[in-house]
Amino acid sequence: NRRKPSVTIFLKDVKDVVLGCYTPSFINFAGESALQRARSEAIRNDGTYNPEPTQNITPSNLGRMNYRSFALVFRGGKTLELVCDTDSDSEAWAVALKRLFGYKTPQEIENERRARRREGVAYVPTDALAEIHWGAHFEISGRDGAALLTPQEAQFCSQQHVSPSLFLRIKREVQERSQTAIVTVYDIRVTYSTDLLRSQALYEYFIGAGLFQAPHLHPVAQQGGQQA
């Protein structure tokens, strides 16, 4: 078989990284109705990790790979769609793309500003080369636990593709943990089998909602600093 020639992609030509299978090419391949059904099946109440490797992609199963799929959207309008072999591969891509495009969450920007302040250096934020976002919100109505969410929590779960029942369990348990220990993104990721992007989103949401304090403000950290 004749191999296709390699293609070079310049970072400056990419304007968006769209998480999930939502671009027209994905939809044209599988059909919107089939994608909606299969995407819904990809949301789990026991975490976000799927141990099964990706098999042959078909219109009927593409949506189940929603959380290991993404697309690069170029400034000229073209797109490049990718489905990763495993959740680990998908997470590695997400971390690499964040770094390559200089994309930072509000909490990451604040952490960097605080670190520069400690060093006595002025912090000058830079714009990301591309935005990284979900292609659409997740429909949570009718899901277990959805009726127990506040409007703000419901909006978060929909925007970040987090199961309401999983959100409520994490919220309850990390709030209890925060009374005696510092809670980190790693704690959420490992304890609840959530991928890094959604672990980071949950962590930042809980801090913003006042559920627990950021590590540098936690009494345990402050006591350690005083003893030192």
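## A tour from the aromatic cluster to the salt bridges

Select phenylalanine 167 to begin: this residue is buried, with a relative accessible area of 0%. Before you move on, keep in mind that the model on your screen is predicted.

**Stop 1: the rings**

Now show every aromatic side chain; the structure holds nine aromatic pairs. In one of them, phenylalanine 167 meets phenylalanine 156, with 5.8 Å from centre to centre and 50 degrees between the planes, a tilted arrangement. Colour by secondary structure here: phenylalanine 156 belongs to helix H5 (residues 151-160) and phenylalanine 167 to helix H6 (residues 164-177), so this pair ties together parts that are eleven residues apart in sequence. Phenylalanine 156 is buried as well, its relative accessible area being 8%.

Next, select tyrosine 205 and phenylalanine 206. Their ring centres are 6.1 Å apart and their planes stand at 70 degrees, so this pair is edge-to-face. Phenylalanine 206 is buried, at 2% relative accessible area. Which residues do ring pairs link into a cluster? Add Tyr203 and Phe212 to your selection, and you have the cluster of Phe156, Phe167, Tyr203, Tyr205, Phe206 and Phe212.

**Stop 2: charges over rings**

Centre the view on tyrosine 67. The charged end of arginine 198 sits over this ring, 4.3 Å from the ring centre. Then jump to phenylalanine 10, where lysine 12 lies over the face of the ring at 5.6 Å from its centre. Lysine 12 is worth a second look: a salt bridge joins lysine 12 to aspartate 13, with 3.4 Å between the closest N and O atoms. Lysine 12 counts as exposed at 58% relative accessibility, while aspartate 13 counts as partly exposed at 30%.

**Stop 3: a nonpolar patch and strand E1**

Switch to a surface view and pick Val7, Ile9 and Leu80, which make a nonpolar surface patch of about 260 Å². Isoleucine 9 is partly exposed, with 36% relative accessible area, and lies in the segment before strand E1 (14-19).

Back in the cartoon view, follow E1 itself. This strand is mostly covered, with five of its six residues buried. What are its partners? E1 runs antiparallel to strand E2 (residues 69-74), joined by five bridges, and pairs in the parallel sense with strand E4 (residues 131-134) over four bridges. Valine 18 makes a handy landmark: its bridge partner in E2 is alanine 71, and in E4 that partner is histidine 133.

**Stop 4: salt bridges**

Side chains of opposite charge can pair when their charged atoms come close. How many salt bridges does the structure hold? There are 14. Try glutamate 32 and arginine 39, whose closest N and O atoms are 3.4 Å apart in a salt bridge. Are these two partners buried or exposed? Glutamate 32 is partly exposed, with a relative accessible area of 31%, whereas arginine 39 counts as buried at 9%.

Return to the helices from the first stop and select lysine 171 with glutamate 153, which meet in a salt bridge at 2.6 Å, N to O. Lysine 171 lies in helix H6 and glutamate 153 in helix H5, so the pair ties together parts 18 residues apart in sequence. Lysine 171 counts as partly exposed at 25% relative accessibility, and glutamate 153 is buried at 5%.

For a last selection, choose Glu110, Arg113 and Arg114, which are joined into one network by salt bridges that share partners.

Conventions:
Residues numbered from 1 in each chain as written. Predicted model: local features only at pLDDT ≥ 70, side-chain atom pairs only at ≥ 80, totals over all residues. Heavy atoms only, no water. Phe/Tyr/Trp six-rings, centres within 6.5 Å; stacked < 30°, edge-to-face > 60°. Helix = DSSP H or I, 4+ residues; strand = E, 2+ residues; numbered from the N terminus. Buried < 20%, exposed > 50% of the residue type's maximum accessible area, 1.4 Å probe, protein only. Lys NZ or Arg CZ within 6 Å of the ring centre and 35° of its normal. Patch = residues over 30% accessible without salt bridge, like charges linked within 9 Å, V, L, I, M, F, W, Y side chains within 5 Å. Areas by Shrake-Rupley, 256 points an atom, 1.4 Å probe, with all protein chains shown as cover. Salt bridge = Lys/Arg side-chain N within 4 Å of Asp/Glu carboxyl O. Pairing = 2+ DSSP bridges.
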